[in-house]
Amino acid sequence: MSKRWYIAIAVLAVIAGGLALAVWEPAIPAADEASRQDFSPGQVERGKVLAGIGNCGTCHTVSPDKPFAGGVEFPSPFGSLYSTNISPHPQDGIGRWPREAFVRAMREGVSREGSHLYPAFPFTHFKNITDEDLDALYAYFMTREPVAYTPPQNDLSFPFNLRFLQWGWKLLFFDPDPWQPDPERGEQWNRGAYLAKGLGHCSACHTPRNFMQAEKKDRAYAGALVDNWYATALDESQPVPVHWDRESLYEYLREGTSRFQGVAVGSMGEVVHRGLRLAPDSDIRALATYTESLSGGRNNGNSRQIAAETITAAQQRARSEYSPGEELYVAACAACHYNDPQDPLAVRAELSLNSAVTADDPTNLLRVVMEGVGTGAGTPTLVMPGFSTLSDENLVALADFLRERSNLPPWKNLRKRIGELRELHRQSQPSATGKAGEQP
Ligand code: HEC
Ligand code: HEC
Ligand code: HEC
């Protein structure tokens, strides 16, 4: 080999070494198991509430007998990733992680050993959590039951299986600076923004992502399909005829119900009935205040009038164009979803007002009709039966009718979507609309 080759190899080795140093974070030495006595009961209790708001249990628990032991699958076009064991087990979990390592993982997305974590773990939001709240979370997790369990190996395809490449992702899409309160806004708004942008990671589901799975900054809260549920737009493009206001948002986030816009099902059912269940009322009010501001205050205080007009228009439209979809609606749905002509607002869940019907994406309507709504979702005291036995053709007719009645264009690709959802049901039990929720 010529001398030139040796020099070239040496130069490459130096570049690779330099890159490796830049890309790899140092490991933080394992500590003795964190002892229970170090944490005050008040801190642990606060941590429990915060862990709920952060939905740690939803993403890190497969079955209730293995709380926080990980193994939840995150499918992607590049293969599957599995959440880790965050119970305090010394080998399988984070039992020997010093506080410093926990904080680094939450704020920078780096594991104790120094490797980069994938953004399916919302460290991109958790970076905004205060020291005090992180301490409480750490106290809570270190005092859980250690669970011996190793989640399945990830099966991501090359090059997505190379963790160090996440360094490049972070360089492009991750701003490590924490969110700062806005002095122009009130205390309640700022509290809501802190919870939404941090622990609550609301935009992780409600914001569309680019092909590299990063949230599109210019389309914050514009609505997105996540895990086969459509997280409805919350910005000024929100599709509901009666726009959300502070009161309806409070009721929705507290009880899972709203008078006009619909109920919380699917992954949002989990957020409300499992995640926010223990959050104090003041935090729910704060979240409602912040969420209302996302639409630039589109509700002008005329909720009842707009609702009444929308319902009357829908009824007239339905009467003028009788269709096979309407026949089905009358036979299968109208026994529960009907209006009293004397008082159109008397019956709840009028579908021309409902975001599952008015959204750009048909997923929520199709899933609600096929799976029904169990006691663990929506209004806990109300259930709706599932209609999975309806043929594809009937589902299309029904959806077309409901769109027409709301004066909206028909959804495209309905058949394809129905096929995909049926396939999903074949693979797994309908997960979504009914699991009663105990944390975790
Ligand atoms: C949206 C799903 C999701 C939520 C919500 C979530 N996690 Fe995770 N978390 C993950 C995934 C997926 C990983 C694994 C990432 C990887 O392997 O790169 C992970 C990894 C972690 C890790 C790194 C563990 C290790 O061994 O490297 C910690 C610590 C962690 N999560 C703590 C939490 C805490 C605390 C909460 C709640 C405040 C939480 N997570 C909420 C999905 C989630
Ligand atoms: C895990 C994904 C996920 C997270 C996290 C999430 N949402 Fe949602 N959200 C959804 C889905 C899916 C829907 C549609 C559910 C339905 O129609 O019943 C939804 C619906 C909503 C709605 C009703 C919109 C409408 O017009 O029907 C509101 C309001 C809302 N979310 C607020 C929030 C807030 C505030 C947070 C943060 C605390 C949040 N969401 C976090 C998935 C999520
Ligand atoms: C036995 C009564 C009953 C029948 C029949 C019924 N529903 Fe429902 N439906 C309900 C109830 C009750 C709710 C509210 C559930 C809750 O609050 O938890 C609901 C909610 C809904 C929602 C709102 C979901 C959301 O996310 O806000 C839609 C959409 C819907 N139904 C469509 C239909 C369609 C279409 C049919 C006919 C195929 C139908 N329903 C038949 C009782 C029924």
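What volume does the second largest pocket have? About 1,000 Å³, and this tour begins there. Pockets are found on a 1 Å grid over the protein atoms alone: a pocket is an open set of points where a 1.4 Å probe fits, with protein on both sides within 12 Å along at least five of seven lines, and lining residues have an atom within 4 Å of a point. Grid points are joined across faces, edges and corners, and the volume is the space filled by probe spheres set on the points.

Before you click, note that this is a predicted model, in which local features need pLDDT of at least 70 and side-chain atom pairs count only at pLDDT 80 or more, while totals for chains, interfaces and linings use all residues. Residues are numbered from 1 along each chain as its sequence is written, chains are lettered from A and ligands numbered from 1 in the order in which they are written, and side-chain values use heavy atoms, with hydrogens and water left out.

**Stop 1: the pocket lining**

Select Ser83, Thr84, Asn85, Ile86 and Leu117: of the 42 lining residues, these are the closest to the centre of the second largest pocket. Next, colour helix 3 (56-60), strand 2 (79-82), helix 4 (99-108) and helix 6 (131-142), each of which supplies at least two residues of this lining. Helices (H or I, at least four residues) and strands (E, at least two) are DSSP runs, numbered from the N terminus. By class, the lining has 23 nonpolar, 14 polar and five charged residues. Here Ala, Val, Leu, Ile, Met, Phe, Trp, Tyr, Cys and Pro count as nonpolar, Asp, Glu, Lys and Arg as charged, and the others, Gly among them, as polar.

**Stop 2: ligand 1**

Now show ligand 1, which takes the space of the second largest pocket; a molecule sits in a pocket if more than half of its atoms lie within 2 Å of the grid points. Helix 3 and helix 4 are the elements that give two or more residues to the shell around ligand 1, and helix 3 gives the most, with three residues.

Zoom in on the iron atom. Which protein donor does the iron atom of ligand 1 have? The only one is His60, through NE2 at 2.1 Å, and His60 lies in helix 3. Donors are N, O and S atoms within 2.8 Å of the metal (3.2 Å for Na, K and Ca); water is not among the atoms, so sites may look incomplete.

Add Tyr118 and Arg163 to your selection. A backbone N or O atom of Tyr118 lies 2.8 Å from an oxygen atom of ligand 1, and a side-chain N or O atom of Arg163 is 2.8 Å from an oxygen atom of ligand 1.

**Stop 3: ligand 2**

Move to ligand 2 and pick His206, Trp244 and Ser355. A polar side-chain atom of His206 lies 2.9 Å from a nitrogen atom of ligand 2. Oxygen atoms of ligand 2 come into view next: one is 3.0 Å from a side-chain N or O atom of Trp244, and a polar side-chain atom of Ser355 lies 2.6 Å from an oxygen atom.

**Stop 4: two backbone details**

Select Phe158 and Pro159, which are joined by a cis peptide bond with omega about 0 degrees. Pro159 is in the loop between strand 3 (155-156) and helix 7 (166-173). Finish at His201, where phi is near 35 degrees, a positive value in a residue other than glycine. Most residues other than glycine have a negative phi, and most peptide bonds are trans.

How values were computed: A polar contact is a pair of N or O atoms within 3.5 Å; within protein, one must be able to donate a hydrogen and the other to accept it, and residues adjacent in sequence count only if both atoms are side-chain atoms.
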